[in-house]
Amino acid sequence: MTVLEVMERAGIRDTNLAIAWIKDAVHFIESTQAENLKVRKMSIVKNQRDYDLPADLISINSISVLDTEDDNKYKKIRRISGEHYVTEDTNP
Amino acid sequence: MSYDTSSNYFWRINGQKMQLFRYRKNSFLTPDVSGRVQADDNELVYPDEAITNGLRIEYNAFVKPFVSADPNTLATDTNETTWTNPTLTEVTAPEETSHVNLNRMLSLACVCFVQGQNAAKEGNIQLKEYYMREFYKKLADNESNKRKISISFASPVSSVR
């Protein structure tokens, strides 16, 4: 569907405003549905706990870690729920 | 050498960062340097080894909201074995002729969203709520379209017909 078709169906005359709202709608859709899945890989650094998330991330689908002893398969890992009692380890 | 990573690693989100932990099982039978026996034998520690490209994140991304070709028609459709999807090139400065990179149902949901925002702009919150309900209804329809499951039940042998 073109931008013009969306504008005609919605009865909007302002193109820039319609484009801004369509972008918002796409963002809403991406945050609730798995439409455009992307994969990014990064290296795990020894004794480093914090890792950057990709800047274009809307919602996380899964996080996996490489199992080098099982034919280099990426295996999905679980999220910790609740608070972890160590807030920072200064000598990891 | 990482092993059994699905059981040994955990993650959580803290602000804009992701935190990665490794689950370490300690032997509670071995006394520590002070000669004490550990009461708690398990702990979460920082990753204790470097793994090249060891972390894989699969996520929903905000990609190509506007494209130059219609994403809902095939580029080639000769027969059931010869077909190709269109090559979608992102339009960075969208115009009225640009295509919204969504399927037909989500495009209709997009129309409801735009109608809702327009109603809110005109101060009609009740109408906005109506259109937003329609928007979410279409999102649900789109999701259920991917999950068509037929369930059949065997009749019990004792059924009286």
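**Notes on the two-chain model**

1. A hairpin to start with: β1(B) and β2(B) are linked by two residues, and Gly15(B) in that hairpin has a positive phi near 65 degrees. Keep in mind that this is a predicted model. The two strands, β1 (residues 9-14) and β2 (residues 17-25) of chain B, pair antiparallel through six bridges. If you want one pair to look at, Tyr9(B) has Arg22(B) as its bridge partner in β2(B).

2. The same β1(B) also reaches over to chain A. Two bridges tie it to β5(A), and here the strands run parallel. Look for Arg79(A), whose bridge partner in β1(B) is Trp11(B).

3. Now the contact between the chains as a whole. On the chain A side 69 residues take part, and they touch 58 residues of chain B. On chain A, the elements that put in two or more residues are α1 (3-10), α2 (15-32), β1 (37-44), β2 (50-52), β3 (57-67), β4 (73-76) and β5 (78-79). Which of them gives the most? That is α2(A), with 14 residues. By residue type, this side of chain A splits into 34 nonpolar, 16 polar and 19 charged.

4. The sheet is where I would look next, as it takes strands from both chains. It is an open sheet of four strands, ordered β1(A)-β4(B)-β3(A)-β4(A), with antiparallel pairing. Why do β1 and β4 of chain A each have a side without a neighbour in the sheet? They stand at the edges and each has a single partner strand, so one side of each stays unpaired there. From one strand to the next, the twist averages 35 degrees.

5. Strand β4(B) deserves a closer look, since chain A strands flank it in that order. With β1(A), β4 (residues 51-61) of chain B makes an antiparallel pair over seven bridges. Across that pairing, Arg40(A) sits opposite Ile57(B). With β3(A), β4(B) is again antiparallel, and seven bridges join the two. On that side you can find Ser64(A) opposite Arg56(B).

6. Helix α2(A) packs on this arrangement. It lies across β3 of chain A together with β4 of chain B, at about 35 degrees to β3(A). Asp24(A) belongs to this helix. Is Asp24(A) buried or exposed? It comes out as partly exposed, because 15 other C-beta atoms lie within 10 Å. Along the chain, Asp24(A) and Val86(A) are 62 residues apart, and their C-alpha atoms are separated by 39 Å.

7. On to the nonpolar cores. The largest has 24 residues, and the members that touch the most others are Val6(A), Ile22(A), Cys110(B) and Val114(B). Two or more residues come from each of α1 and α2 of chain A and α2 (104-121) and α3 (125-145) of chain B. Ile22(A) is a handy place to centre the view: setting aside neighbours within four places in sequence, Ile22(A) contacts Val3(A), Val6(A), Pro65(B), Val100(B), Cys110(B) and Val114(B). There is also a second, separate core of 14 residues, with Ile44(A), Ile63(A), Tyr9(B) and Leu55(B) included.

8. Chain B taken alone: three helices and eight strands, in the sequence pattern α-β-β-β-β-β-β-β-β-α-α. Of its 161 residues, 24% are buried. Among its contacts between residues at least 6 apart in sequence, 38% join residues at least 24 apart. The chain is divided into domain 1 (57-101) and domain 2 (103-145), and the C-alpha centres of these two domains of chain B lie 22 Å apart.

9. Finally, two loop residues in chain A for your backbone check. Asn47(A) is not a glycine, yet its phi is positive, at about 65 degrees. Asn47(A) sits in the loop between β1 and β2 of chain A, and counts as partly exposed because it has 13 C-beta neighbours inside 10 Å. Asp71(A), also a residue other than glycine, has a positive phi near 60 degrees. You will find Asp71(A) in the loop between β3 and β4 of chain A. With 6 other C-beta atoms within 10 Å, Asp71(A) is exposed.

Definitions and conventions. Residues are numbered from 1 along each chain as its sequence is written. Chains are lettered from A and ligands numbered from 1 in the order in which they are written. This is a predicted model: local features need pLDDT of at least 70, side-chain atom pairs count only at pLDDT 80 or more; totals for chains, interfaces and linings use all residues. Two residues are in contact if their C-beta atoms, placed from the backbone, lie within 7 Å. Ala, Val, Leu, Ile, Met, Phe, Trp, Tyr, Cys and Pro count as nonpolar, Asp, Glu, Lys and Arg as charged, and the others, Gly among them, as polar. Two strands pair if DSSP finds at least two bridges between them. Domain bounds come from an automatic or database domain assignment. A residue is buried if 20 or more other C-beta atoms lie within 10 Å of its own, exposed if 12 or fewer, and partly exposed in between; C-beta atoms are placed from the backbone. Axes are lines fitted to C-alpha atoms, for helices over the stretch in contact, and angles run from 0 to 180 degrees between N-to-C directions. A nonpolar core is a set of buried Ala, Val, Leu, Ile, Met, Phe, Trp, Tyr and Cys residues joined through C-beta atoms within 7 Å.
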